[in-house]
Every structure is written in C-alpha cells, then in structure tokens.
Amino acid sequence: MRSTRKPIRRGRLLALLALPLALAVSAPGLANPTTDTAVAPDRTSSGEQNGVGLMRIVVADKSGIDRLNELGVDLAEYVKPVDNGIEVHAILSPEESQSLRDMGFDVQDAISDQSDYAENVAERSTTVRALQALAASTDTLTVLRSEWFTSLDNQLFLNIEVKSSAGSDSTTVLTVSYDSGAGTEIGSGGTATLSRFTDAGQYMYHRFSNPLAIDKAPAKATITSNKGGSVTVDVAKWLGSPRKVTGDHPYVSDFVDHYMDPTEITARFTSLAAEFPKLTQLIDLPYKTNGYRRQAQAQFGTATASIVYVTSKAYGSEGGNDITMSLVNPGAANAPLTVGVSGKAVTVNLATNGSGAITSTAAQVANAVNGNADAAKLLTASTYRGNAGAGAVAAAAATKLTDNLKAPASVSRDPFQMKVLRIGKHRDGSKVGVFLYCQEHAREWVTPLVCVESAERLLRNYAQDPNTRKIVDDLDIFILPVVNPDGAHYSMYDYNMQRRNMTNYCPASSADPANRNAWGVDINRNFSVGSVYDGYNGGSTSCTSDTYSGPSKLSEPEARNEVWLVDNFPNIKLSMNTHSYGGYFMWPPGAYKTAGREVLPRVDQGTEAFFWTSSDYILSRVQEYRGTAIWPGRTGPVTDVLYSAAGNSADEHWYNRGIIGWDFEVGADVYNPTTKRFTAVGFQPTFAEGHEEAMEFANGNIGILEVARAYATDKIQPKSTVKIVSQQPGATTFTFTTSEPANVYYTLDGSRPTFNSPKLALAGMREGVQNLTVNSNTTINWFSVDIAGNVESNYKPDGNGKNYNKQTVTVN
Ligand SMILES: [Zn+2]
C-alpha cells in the first residue's frame with residue numbers, strides 16, 4: 001500500500017479557508033440538505049481538486065449511518081464494525097468535516113486525499129501515450145519458439161512463443177493457425193489464441209500458458225495479430241526429452257493495463273463486436289446521455305451581496321465558451337445603467353452617482369442583463385445563492401465564460417451513445433439472459449475494467465476453453481461496461497470524486513460556478529422501487545446531495561437505458577451491478593423506510609438459500625485469483641450488511657421483474673502482514689492494485705455465469721423431507737430439509753397443497769428456516785419447488801394429482 005494515509009495538507013486547507021466563498025459557508029448544506037436553498041458545500045475553491053478527502057467517521061450504531069444518509073453526506077459504500085461502533089467513509093471538504101464535528105460526529109483521519117489523483121493521472125497518461133504510439137503502426141512479430149512434442153502418454157502438444165512489437169499494449173491479441181502435416185492447409189489442424197505473458201508488469205511475449213493439445217503434428221503455423229502483423233513459420237519437433245504436462249486447456253486472461261475512460265471502453269467494445277460477429281451483437285441503448293458538457297459561466301465580485309454570476313444559454317462547447325462579459329465604469333457622474341451586446345461580447349455600463357461612484361447593485365445588474373433582449377439570448381444573470389444582491393458591484397474587464405471542462409478534444413461533448421455488448425452463440429431470446437453492468441458511480445474507476453475483462457475472457461477463450469464454450473453456448477450475456485459515461489469522463493478529467501452524472505437540476509440559488517462539483521443525479525438512486533419519493537432512506541431530494549435521486553423516478557437516460565434493456569429482453573433472469581469499494585456481495589432488499597425501518601419485502605426462504613449457496617460458489621471463484629476472501633459479514637442483503645440505498649437498480653430489477661439482482665463492491669480490504677491489519681483500498685487505488693481487483697472480480701463474474709448456466713440447465717427436481725426438531729408432551733416441533741435451495745409449500749389440515757398454501761419461511765434475518773409446532777397428531781401434505789421452477793416428483797400444484805408428499809407427525 002502507498003503512504004496515502006496522511007492528513008490533508010495544511011497549506012491547502014488554509015488556502016481554502018482564505019477564500020471568500022469558503023467564508024460564506026457558515027452553515028454548510030449538511031444542516032438542511034432537503035431544500036434547494038441550502039448552501040451547498042464549496043468544493044472547487046482551490047482551483048485544483050479542492051481539498052476534499054476520503055475521511056473516516058466512527059458512529060455508535062446503524063442509526064448514525066441513517067442520520068448521515070439523511071444529512072446527504074457523501075458516503076462510500078463501506079461499513080466496518082470497530083470496537084467502539086461502526087466505521088464509515090465519506091467524501092468531505094474541510095468545512096464539511098468541521099460541520100459534522102460540530103454536530104457531534106467523530107470525523108477522524110483521511111483514507112486518501114487528492115495527491116493520489118495526480119499520481120494516478122500521471123501514471124495513466126504515460127501508459128496511454130505509449131499505447132497511442134504503438135497503435136499508429138502495424139506490429140512486427142518475432143517468433144521465439146515453434147515446436148511440437150509428445151508427452152509420456154503420447155499426447156501431442158504445440159508450443160508457440162511470439163513477441164509482438166505492440167505487445168506492451170494489453171489489447172494486442174495473437175492467434176495461431178496450424179496445419180495438420182506437411183502439404184496440408186494452414187488452419188486444418190486448428191486455431192488458438194495465445195496468452196500474453198507478463199513478468200513484474202513487463203510484457204515478455206505471447207505463448208500458451210500450458211502447451212496446446214493437438215491431434216496431428218503440424219509442419220507450418222501462421223501467427224496473426226489483431227494489430228495487423230502476420231508471420232508463417234515451420235513447426236519443428238522438439239528434440240528435448242518429452243516433459244509431463246498437465247493437459248489443462250490454455251485459458252487467456254489479463255486484458256486491462258490502465259484505467260480507461262468511457263470513450264476508450266466503448267471503442268474497445270465496438271472492436272470486439274467487429275472481431276467476433278458470430279458470438280456478439282452490439283446494442284445501441286435508446287436514450288443518449290446529456291453528454292460531457294455544461295453551460296459556460298463567469299462570476300463577478302467577492303462579497304456575497306455584490307456577486308453577480310452569469311450562465312450561458314448554450315453549452316460551452318456549442319458557443320457558450322465564446323461569450324464575454326465586462327462591467328464598465330463609465331468614468332463620469334450620473335451615468336445610467338445600460339447593457340450593450342456586440343456579437344458575443346456583453347458590456348454592462350454601470351450607473352454612477354453625482355460624484356462618479358458606482359451605484360449599480362448586483363440585483364440591478366442581473367435585472368438589466370436579463371432585461372436586455374440581445375443579452376438574454378446569450379446568457380442568464382443571477383445574484384449569489386439567493387442573496388438579495390443589494391451591494392454595489394465593482395468594475396471588471398471583459399471576462400470569458402467557461403464550462404471549465406478539461407478533457408481532451410478526443411472526448412466528445414455530445415450526448416453519449418451507451419452500448420451493450422451481447423455475447424452468446426444463440427442470441428434469439430431462447431437462452432437465459434444475464435445482465436452484467438458496471439460504473440453507475442463515476443469515481444469507481446476499477447469497476448468498468450471488471451466488465452471489460454469479463455467480455456474479453458468470454459470471447460478470447462471461446463475457441464479453446466470448454467468451460468467458456470458452455471457458458472457462451474448456453475447463456476445470453478449482456479454487458480454494459482459504463483452506466484454513467486458523462487460522470488466517468490468528469491471523474492477522470494475534472495473532479496475525481498464525482499459520483500453522479502453531470503446533469504444540473506439546481507435552481508439559480510445553487511447553480512453558481514463554485515457549486516459545479518455538487519451537481520448531478522445519483523444513477524443508483526434514480527430507480528423506481530423503494531425510492532426516496534416513496535419515503536425510503538438513503539436517497540436525497542436535494543440537487544446538491546451526492547445521493548440526489550433526480551427530479552423524479554427514472555428521470556435519467558442512464559437509468560432508463562437499464563430498464564429498457566431488461567424490459568426488451570425478458571429472458572434476462574440474473575444481473576450483477578458492480579460497484580467499489582470494500583469487498584461485498586449483496587442482494588435485495590436494498591432499502592428501508594426511514595420511519596420505522598420498514599424494509600422492502602425480504603426474498604423468500606428458497607431464494608435466500610439460493611443466494612447463500614451461490615455466494616459460496618461465486619466468492620470461491622473470486623478467492624482463486626489471489627486469495628481474497630469476501631467476509632461473511634459483507635455478504636447478504638444490502639440493508640443487512642451495508643445501509644439503505646433508496647431507488648437502487650438491483651431492487652428495480654428484482655421487485656419489478658423478478659430478476660435476481662446482485663451487487664459486487666470490488667476492492668476488498670487488503671491485509672498487511674506486517675501491521676496485521678486490514679486497510680481500505682479506496683475508490684482509485686494505484687493501477688497495480690486496481691488491476692488485481694479487476695482480475696479477481698472478473699473471476700467472480702465468470703462464477704456468476706457458471707451459476708446462471710446451472711440455473712438455466714437445471715432439470716433436476718428437488719427432494720424434501722420432514723425433520724423432527726423436538727418432541728415434548730403435547731407439542732411436536734418440526735421443519736423441512738431440502739436437497740437443494742427450494743421453497744416448501746405445505747398444509748396441516750389434510751388439504752391438497754398448492755402455490756397458495758403456506759410457504760416455509762425464514763426464522764429471521766441471517767437465521768435458518770422456521771420451525772413449526774403442532775399440538776396434536778397432524779398429517780402434513782407438502783411439495784418443494786426449486787429456484788428454476790422444478791417441482792418435486794413432477795407434482796402439478798395447479799392440477800388434480802395426489803403425488804405430493806404426505807407424513808403424519810405424532811404428538812405424545
Ligand atoms: Zn457505487
């Protein structure tokens with residue numbers, strides 16, 4: 001781990017406090033976040049990444065977390081029991097930290113500050129520049145070894161090692177086609193993808209991770225690169241002594257080598273679709289985002305009552321950035337207040353009194369600008385944060401409005417076309433669908449890499465790995481790598497702690513330039529189930545809160561696109577929503593009402609049992625990569641192991657459509673064997689750590705697909721039995737056991753059991769199944785049904801058959 005756990009630098013804090021806007025924030029928005037007039041925390045004043053930090057807070061119990069949620073505090077998705085309560089992490093400016101301390105919260109040290117961001121950006125630009133240089137030319141292939149050999153059990157193997165001049169780019173993929181003996185056609189022996197071999201982060205060459213089993217000794221092989229290179233070589237018999245090989249099928253992985261922005265990722269998915277037309281379909285989602293763009297602004301004055309700020313009508317990229325405005329001292333007595341417009345230059349001639357002093361107030365200037373027809377076509381003027389604006393303004397030279405967006409021109413300022421890569425041999429709706437989606441929250445930089453790595457593995461291993469082939473043949477997989485592309489661009493180029501999209505719904509009272517990092521809608525709070533608009537906890541109606549749920553349910557194109565996909569492909573039965581950080585595996589319910597902690601309906605006993613059984617499998621796959629264990633305490637329903645998240649997407653999928661909606665939080669705490677402590681990794685760890693997280697959770701995604709395939713192909717009926725728990729005079733207590741996760745429907749009155757009969761329930765949160773007690777001899781009639789819908793003994797609950805289970809329990 002890096003030494004990031006240093007306090008926020010004192011110099012920066014003092015610089016921030018010296019600014020007038022910071023001083024104006026005497027009552028930060030924390031105190032009353034649900035009104036639009038609340039003064040939002042200032043997050044931009046230092047001109048760089050503004051002094052916010054990821055801070056540690058310890059609360060006494062869960063009600064403390066609920067309180068922070070109600071205050072609209074920007075919490076990380078991380079909860080950890082500690083000796084004196086619960087540790088949570090929040091993104092806070094120094095003023096916000098102080099405000100929380102004033103309210104009695106125990107705000108402790110920083111997990112990370114903005115110096116991490118600069119290091120990450122520098123590392124990323126170096127990689128991107130090197131990759132761009134490589135992409136400019138066709139690669140050269142150097143064959144290091146090409147040979148076949150026989151193992152002790154007479155199996156033939158092929159060994160190929162090739163170095164590509166573009167090999168340090170992880171998207172470089174080499175494929176080998178070989179003949180089946182002298183004079184035969186190249187390809188007649190087979191085709192396979194080579195694995196990219198790196199050592200200590202350095203590209204070495206491409207090879208099979210294990211020698212490839214083949215049927216006939218080849219004479220020639222052709223190696224081709226997706227970067228254009230190609231070479232044909234002789235394949236010789238290896239003269240060394242035959243070696244024992246495991247015979248494992250080569251499995252290729254590791255396709256991400258730097259943090260990627262949504263433009264790069266979408267281009268990668270587009271080229272994957274072009275490369276694998278038989279296995280994929282690229283789906284353009286119907287709702288374009290608002291785009292990585294914003295209106296241009298300028299602010300005049302420093303004292304609150306004298307501030308005027310202006311906002312362009314056009315987006316900055318569409319002309320707003322070309323507008324200028326000046327406040328001119330006429331240099332004469334008794335001058336009137338007038339506004340003139342020439343092209344895109346707005347000139348305000350200020351009024352003076354008899355001695356030539358400026359008398360125009362902020363409110364008068366705003367009214368004059370808004371009242372001038374030509375100026376009003378270009379921009380809107382406002383006083384500062386709802387202030388009456390009674391102070392006289394100061395003269396100011398022509399000032400250019402700016403949207404303050406810093407991404408390179410290669411990042412489009414237009415509405416973004418979100419794309420889903422659909423992967424499957426049979427993409428006709430006949431196969432069970434699985435929806436994998438990533439980066440609803442912009443600052444969670446590792447998450448899209450999980451989606452990219454998962455897609456690459458499925459496509460690159462299809463030709464040679466039988467397990468991958470089963471998954472792709474039997475499922476219909478939909479991968480959306482970036483749900484929040486505008487916010488993600490903003491997080492990467494402008495403000496790294498951005499969580500939401502970029503759409504600003506704030507009124508003039510909170511839409512001044514210093515608030516620009518406090519706008520946007522939290523996509524994972526914008527869905528229609530368990531919303532803040534239904535009284536659930538963990539979403540906000542304040543436009544400056546980091547959990548702002550939007551002006552209404554499903555107001556955002558990003559959220560509507562998710563809903564469109566699951567509505568249009570009703571074969572989707574399972575989904576995974578990947579977030580960071582903390583190392584969690586979660587499922588519904590994900591929200592409760594603030595009043596009375598009324599939780600969304602819990603899933604039934606059979607489904608909960610399926611979730612736990614699946615967890616065991618999926619989390620074992622995660623662990624295979626580098627030993628990371630997702631803790632039992634971070635596995636379970638969202639409301640039990642994290643906190644209430646009103647209007648999240650997993651609840652939308654489950655409660656409205658019955659789609660199993662799972663959530664990952666990648667980035668489990670990393671154990672330091674020296675200090676014997678776990679440390680949190682944060683949203684943007686060094687790429688070296690981010691890479692490991694992407695690899696292990698891509699393993700988890702493959703595990704989910706394996707579970708989905710088992711579900712899709714499950715034709716085995718469950719079996720169930722009655723289990724006597726205890727027998728006392730006058731009372732016998734029993735329950736049911738099942739051969740696999742299944743629901744049990746039963747009657748105790750001798751009637752025929754149906755789907756309307758009582759269903760065996762859970763005893764309580766994180767407890768086992770309930771026990772039933774009878775007080776006289778009772779005949780139990782029952783059947784069980786598994787998660788895939790297979791009914792025990794093929795019983796038809798809606799028919800007339802009697803092939804349900806029957807047993808009489810006796811009471812002493
Ligand atoms: Zn998140």
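**Exercise 1. Work out how far apart the C-alpha centres of domain 1 and domain 2 lie, and say which residues each domain covers.**

Step 1. The C-alpha centres of domain 1 and domain 2 are 53 Å apart. Keep in mind that you're looking at a predicted model.

Step 2. Now find the two on the chain: domain 1 takes in residues 48-113, and domain 2 takes in 137-237.

Step 3. The division goes on with domain 3, which is built from the pieces 262-290, 412-503, 521-531 and 572-713. Domain 4 (295-400) and domain 5 (720-809) complete the list.

**Exercise 2. Decide where you should be careful when reading this model, using pLDDT.**

Step 1. Start with the overall picture: the average pLDDT is 89, and 91% of the residues reach at least 70.

Step 2. Next, look for weak spots. Residues 1-48 have a pLDDT below 50, although the model gives this stretch 107 contacts beyond near neighbours in sequence.

Step 3. There's another one at residues 239-247, where pLDDT stays under 50 and the model has 14 contacts beyond four places in sequence.

Step 4. What do you do with that? Where pLDDT is low, predicted coordinates shouldn't be read in detail.

**Exercise 3. Describe the open sheet that contains strands E2, E3, E1 and E4.**

Step 1. Write down the order: E2-E3-E1-E4, with antiparallel pairing.

Step 2. Find the edges. They are E2 (75-82) and E4 (106-112), since each of them pairs on one side only. From one strand to the next, the twist averages 30°.

Step 3. Zoom in on one pair. E2 and E3 (residues 85-92) are joined in the antiparallel sense by 5 bridges. In E3, Ile 86 is the bridge partner of Pro 81.

Step 4. Look for a helix against the sheet. Helix H4 (residues 94-102) packs on it and touches E1 (53-59), E3 and E4. The direction of H4 makes about 145° with that of E3.

**Exercise 4. Do the same for the open sheet with the order E19-E20-E18-E22.**

Step 1. Check the pairing: for these 4 strands it is mixed.

Step 2. The edge strands are E19 (338-342) and E22 (396-400), and the twist averages 15° from one strand to the next.

Step 3. Pick a pair again. E19 and E20 (residues 345-349) pair in the antiparallel sense over 5 bridges, and Thr 338 sits opposite Asn 349 in E20.

**Exercise 5. Are helices H6 and H9 roughly parallel or roughly perpendicular?**

Step 1. Get the geometry: the axes of H6 (residues 262-275) and H9 (residues 447-460) come within 11 Å and cross at roughly 10°.

Step 2. Angles under 35 degrees count as roughly parallel, so H6 and H9 are roughly parallel to each other.

Step 3. See who meets whom. On the H6 side, the residues include Ile 265, Phe 269 and Leu 272; on the H9 side, they include Cys 451, Val 452 and Leu 459.

Step 4. Sort the contact of H6 with H9 by class: 8 nonpolar, no polar and 4 charged residues.

**Exercise 6. Track down some unusual backbone spots, and say where each one sits.**

Step 1. Recall the rule: most residues other than glycine have a negative phi, and most peptide bonds are trans.

Step 2. Gln 439 has a positive phi, near 55°. You'll find Gln 439 in the loop between strand E24 (432-438) and H9.

Step 3. The peptide bond from Ser 580 to Tyr 581 is cis, with omega near 5°. Tyr 581 belongs to strand E26 (residues 572-582).

Step 4. Pro 588 and Pro 589 are also joined by a cis peptide bond, with omega about 5°. Pro 589 is in the loop between strand E27 (584-587) and helix H13 (605-626).

Definitions and conventions. Residues are numbered from 1 along each chain as its sequence is written. This is a predicted model: local features need pLDDT of at least 70, side-chain atom pairs count only at pLDDT 80 or more; totals for chains, interfaces and linings use all residues. Side-chain values use heavy atoms; hydrogens and water are left out. Axes are lines fitted to C-alpha atoms, for helices over the stretch in contact, and angles run from 0 to 180 degrees between N-to-C directions. Helices (H or I, at least four residues) and strands (E, at least two) are DSSP runs, numbered from the N terminus. Angles under 35 degrees count as roughly parallel, over 145 as roughly antiparallel, 65 to 115 as roughly perpendicular and the rest as oblique. Contact means heavy atoms within 4.5 Å. Ala, Val, Leu, Ile, Met, Phe, Trp, Tyr, Cys and Pro count as nonpolar, Asp, Glu, Lys and Arg as charged, and the others, Gly among them, as polar. pLDDT is the predictor's confidence in each residue, from 0 to 100. Two strands pair if DSSP finds at least two bridges between them. Domain bounds come from an automatic or database domain assignment.
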